[in-house]
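The following exercises are to be worked with the sequence and the structure at hand. Each task is followed by a solution in steps.

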Amino acid sequence: MSIATDTGASARPILSLRGISMTFGGVRALKNVSFEVMPGEVHCLAGENGSGKSTLIKVVSGVYTPAPGAEIVFDGETLTRMTPVMAQEKGIQIIWQDLALFPEMSVAENIAFQSLSGPRMRLVDYSAIRRIARNALSRLGVMLDVERPLKDFAIAQRQIVAIARALVGEARVVFMDEPTASLTQSETDHLLAIVRTLSASGVAVVLVSHRLAEVLAISSRITVLRDGALVGVYPVAGMTQSGITELMTGRSFDERVRAREVTKNPVVLSVAHLSRPREFEDISFDLRRGETLGVTGLLGAGRTELALTLFGMRKPSAGSITLEGRPVRFSSNRDAIAAGIAYLSEDRLSLGLNQPQSIADNLVMASLDRILKRGLIASDRKRSLVARWIADLGIRIGLQEDAISTLSGGNQQRVAIAKWLATDPKVLILDAPTVGVDVGARAGIFEIVARLAEAGLAIIRISDEVPEVYLNADRIIHMKKGRIAGWHDPRATTLKALEAAVYA
Amino acid sequence: MTGFARRFNAIFGADMAGPLTALTAVLVIMGLASPHFLTAATFGSVAFQLPELGVLTLAMLVPILTGGLNLAITFTANIAGLTLAWTLQTHGGADAGPGAFLIGSCLALIVGALSGLVMGLVIAFTRAHPILVSLSMMIFLRGLGEFLTRGGDISGFPAFIAPIGHGSVLGIPVPLLILVACVIASHVLLSRTRLGFSTYMIGSNIESARYSGINTRKVLVLVYMLSGIMAAVAGIIMLARFNSVRVGHGESYLLITVLACFLGGINPFGGFGRVLPVFVALVVLQLLSSGLNLLGANQHLTTAVWGILLIIVMVMRWASSTFTGKTK
């Protein structure tokens with residue numbers, strides 16, 4: 001597979017991994033995966049959530065030790081093991097999606113951070129730090145005030161700071177984890193220009209992403225992973241986005257738009273001019289019985305803030321919420337739940353579910369009233385309520401008493417949905433319902449949600465995955481910087497047009 | 001898992017295995033070491049000594065389940081005892097009637113609840129750490145108590161109070177009856193009520209509990225109030241047993257209650273644990289102490305043995321989870 005690329009790189013890979021396997025608690029996260037990067041190459045590592053991309057990066061950076069039989073070759077040198085310190089010394093730099101920066105510290109300190117943490121105790125030379133930081137930034141062709149704290153800067157600039165920090169570490173291979181996830185189109189363009197600069201200076205860049213359009217434009221090769229196994233390595237020239245999606249998922253998708261005609265149904269929830277300072281402004285919409293309203297937009301568009309306000313966990317500064325014709329004012333989410341609004345959190349791990357507790361306790365958590373007998377919890381009622389929902393949503397579990405954390409992401413999400421359905425809601429808000437759910441299990445969740453809508457439940461479906469909203473919603477709100485930037489009808493628009501609007 | 005283990009877990013719950021094993025071990029070893037151990041006298045002394053520590057442990061248990069701690073329990077017990085003593089004294093001291101005792105007990109429980117209310121409000125609304133909040137309350141109550149009593153004892157109570165500390169009903173010591181009532185009440189509260197359910201959910205993840213519509217602040221306040229009330233009950237038992245109240249009485253119990261909770265399988269970070277294993281653990285500690293006493297061991301040595309026991313239990317728990325695979 002050692003092919004010279006059009007960037008004119010030499011034939012020997014800078015980094016090459018062979019026979020990488022990883023097992024976590026009986027689950028094989030990586031199965032005999034190979035991966036290689038040429039010097040100065042821009043390489044795309046693609047795969048759905050849970051395909052093993054992150055695990056592979058963690059092997060490369062020495063966080064995980066792969067199963068015996070693995071071979072890591074860096075610049076011609078075969079390594080028996082990799083540790084985070086070794087990776088650092090070799091010049092393998094990872095820019096994680098959360099960037100791992102220090103918001104309270106200055107740009108200069110963030111960039112020169114690694115040269116500060118030496119083996120010897122020494123005094124901090126601030127002028128040296130500023131010099132190092134300015135040099136690194138100028139290599140990227142960027143000017144920033146290095147003395148200002150990082151928290152003053154927007155996410156796109158923080159990303160540049162993270163890249164500059166990698167350069168200070170004498171980077172030879174830079175992995176970027178979902179670098180465009182929270183960027184607008186122009187910010188993405190700027191980032192990609194910087195990637196080109198890096199690549200031209202001989203640094204290999206691996207872009208790890210499931211949003212393909214942008215990265216394909218500048219990558220020379222693409223490695224596709226699926227379910228922890230290598231699907232293949234392909235030159236980007238001649239690949240289409242849908243072709244890669246098929247490689248990533250292993251099947252061609254039913255791209256049917258589910259949107260239905262619901263305008264004759266009665267309005268359940270009506271929101272008028274709802275605002276909260278610095279979060280969202282002047283949001284108005286009607287949600288009808290059986291309707292699925294999609295809400296999409298970039299990170300920071302105010303989607304979750306809007307949902308939390310509808311759920312009573314934040315108070316609007318202006319505007320009104322009307323539920324079935326009656327104006328409502330929630331002082332907490334308990335009021336909202338009692339009124340019939342349910343909110344499936346985007347953060348299943350720490351907010352949506354109580355991970356250490358049992359499946360049964362998680363499922364009944366929001367609807368304890370229904371299992372009380374003379375004020376006490378009746379264990380027979382609890383068991384039968386749980387059993388009914390487990391059967392109804394086709395959730396695969398061992399025992400009801402098992403911790404919810406023992407379930408797969410898809411089954412966990414079904415329990416979370418069941419928890420809210422048990423409260424008998426009129427409006428169900430789903431915030432990023434497929435995050436951390438395998439591709440196969442997503443279809444099952446889509447089916448459940450479609451069935452609920454068919455049965456008359458009004459659903460607000462929030463996601464930054466534009467295709468997901470496009471295919472599963474009846475109408476779509478595009479939010480941008482806290483405002484409604486546009487309304488879209490999936491039957492009257494194409495996915496491409498919608499994506500163009502969102503990422504503009 | 002063997003059939004025996006499965007049946008055992010079905011009847012008692014998996015968390016009872018450790019305490020029951022310890023109980024058996026103490027009974028066998030002490031029984032072999034001293035011919036006087038397995039006698040009614042031993043169990044009589046355990047039955048009278050256990051309740052103060054037992055009720056204080058229940059007062060510690062509920063806050064621990066929420067992921068917190070109440071370090072003020074012993075001084076809350078003292079102040080509650082002082083409240084009762086003061087009521088009795090203003091109603092004639094040794095000549096006070098049962099009515100004064102009832103009123104005084106109610107006031108004592110209210111004082112206990114108030115101490116919990118203040119801590120609960122501060123913890124729930126400022127999110128300050130329970131250790132700091134309850135430590136502050138502890139220091140406040142100690143200072144207040146020492147100021148009010150000038151560091152001395154208060155005694156001279158009516159004669160009818162003594163049976164609460166020393167009497168028996170149908171051969172069962174009255175303090176033990178009070179403890180058993182508190183254990184049953186705590187057990188039902190934690191395993192069967194909405195408040196108990198919420199206590200566990202808050203203990204393992206307070207934010208997810210809040211997102212599911214649990215009124216986390218209210219639950220925290222109630223939990224600390226309950227803890228304060230339990231401490232007040234312990235204070236009333238202590239008054240009756242010693243026929244006096246002194247601030248600082250029972251202070252050495254404070255950390256023992258934490259020990260008993262962990263010995264009974266309570267998760268130190270909250271969210272998991274039941275009342276009954278803690279009760280068995282308490283019996284083990286008290287039997288051990290009485291047994292060593294019989295053997296002529298020094299009182300201070302008993303405390304040391306308790307410490308060793310906790311360390312052994314922790315190592316054994318680690319070993320059983322490591323070598324049997326995936327049990328929690």
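A residue is buried if 20 or more other C-beta atoms lie within 10 Å of its own, and exposed if 12 or fewer do. The model examined here is predicted.

**Exercise 1. Determine how far helix α1 of chain A is enclosed, and name its buried residues.**

Step 1. Helix α1 of chain A covers residues 53-60. Applying the cut-off to this helix gives K53(A), S54(A), T55(A), L56(A), I57(A), V59(A) and V60(A) as buried.

Step 2. Seven of the eight residues are thus buried, so the helix is largely enclosed by the rest of the structure.

Step 3. The backbone just after α1(A) may then be inspected: G62(A) has a positive phi of about 85°.

**Exercise 2. Assess the overall form of chain A against the expectation for a compact globule.**

Step 1. Chain A contains 18 helices and 22 strands. Its C-alpha atoms fill a box of roughly 70 × 50 × 50 Å along the principal axes.

Step 2. For 504 residues, a compact globule would have a radius of gyration near 23 Å; the value for chain A is 25 Å, which agrees.

Step 3. Of the 504 residues in chain A, 45% are buried. Among contacts in chain A between residues at least 6 apart in sequence, 70% join residues at least 24 apart.

**Exercise 3. Describe the packing of helices α4 and α5 of chain B.**

Step 1. Two packed helices are described by the angle between their axes and the distance between the axes.

Step 2. The axes of α4(B), residues 73-90, and α5(B), residues 98-126, come within 8 Å and cross at roughly 150°. Angles over 145 degrees count as roughly antiparallel; α4(B) and α5(B) are therefore roughly antiparallel to each other. The crossing of α4(B) past α5(B) is right-handed.

Step 3. On the α4(B) side, the residues that meet α5(B) include I79(B), L84(B) and L88(B); on the α5(B) side, F101(B), L107(B) and V111(B) are among them. By class, this contact has 10 nonpolar, eight polar and no charged residues.

**Exercise 4. Characterise the side of chain B that touches chain A, and locate G271(B).**

Step 1. Chain B contributes 16 residues to the contact and chain A contributes 19. On the chain B side, the elements giving two or more residues are α9 (194-204) and α10 (206-211). The most come from α9(B), with five residues.

Step 2. Sorted by class, the chain B side holds five nonpolar, eight polar and three charged residues.

Step 3. G271(B) occupies the loop between α12 (253-263) and α13 (275-294) of chain B. Since it has 21 C-beta neighbours inside 10 Å, G271(B) counts as buried.

Step 4. Beyond its neighbours within four places in sequence, the contacts of G271(B) include P356(A) and Q357(A) in chain A, and L65(B) and Y200(B) in chain B. L65(B) is 206 residues away from G271(B) in sequence, yet their C-alpha atoms are 5.2 Å apart.

**Exercise 5. What are the phi values and the surroundings of D424(A) and K481(A)?**

Step 1. Most residues other than glycine have a negative phi.

Step 2. D424(A) has a positive phi near 55°, and its place is the loop between α15 (409-421) and β19 (427-431) of chain A. With 12 other C-beta atoms within 10 Å, D424(A) is exposed.

Step 3. K481(A) has a positive phi near 45° and belongs to the loop between β21 (475-480) and β22 (483-488) of chain A. With 13 other C-beta atoms within 10 Å, K481(A) is partly exposed.

Conventions. Residues numbered from 1 in each chain as written. Chains lettered and ligands numbered in written order. Predicted model: local features only at pLDDT ≥ 70, side-chain atom pairs only at ≥ 80, totals over all residues. Helix = DSSP H or I, 4+ residues; strand = E, 2+ residues; numbered from the N terminus. Contact = placed C-beta atoms within 7 Å. Nonpolar A, V, L, I, M, F, W, Y, C, P; charged D, E, K, R; others polar. Rg over C-alpha atoms; globule rule 2.2 N^0.38 Å. Axes fitted to C-alpha atoms, helices over the stretch in contact; angles between N-to-C directions. Parallel < 35°, antiparallel > 145°, perpendicular 65-115°, else oblique. Left-handed = near helix turned anticlockwise from the far one by under 90°.
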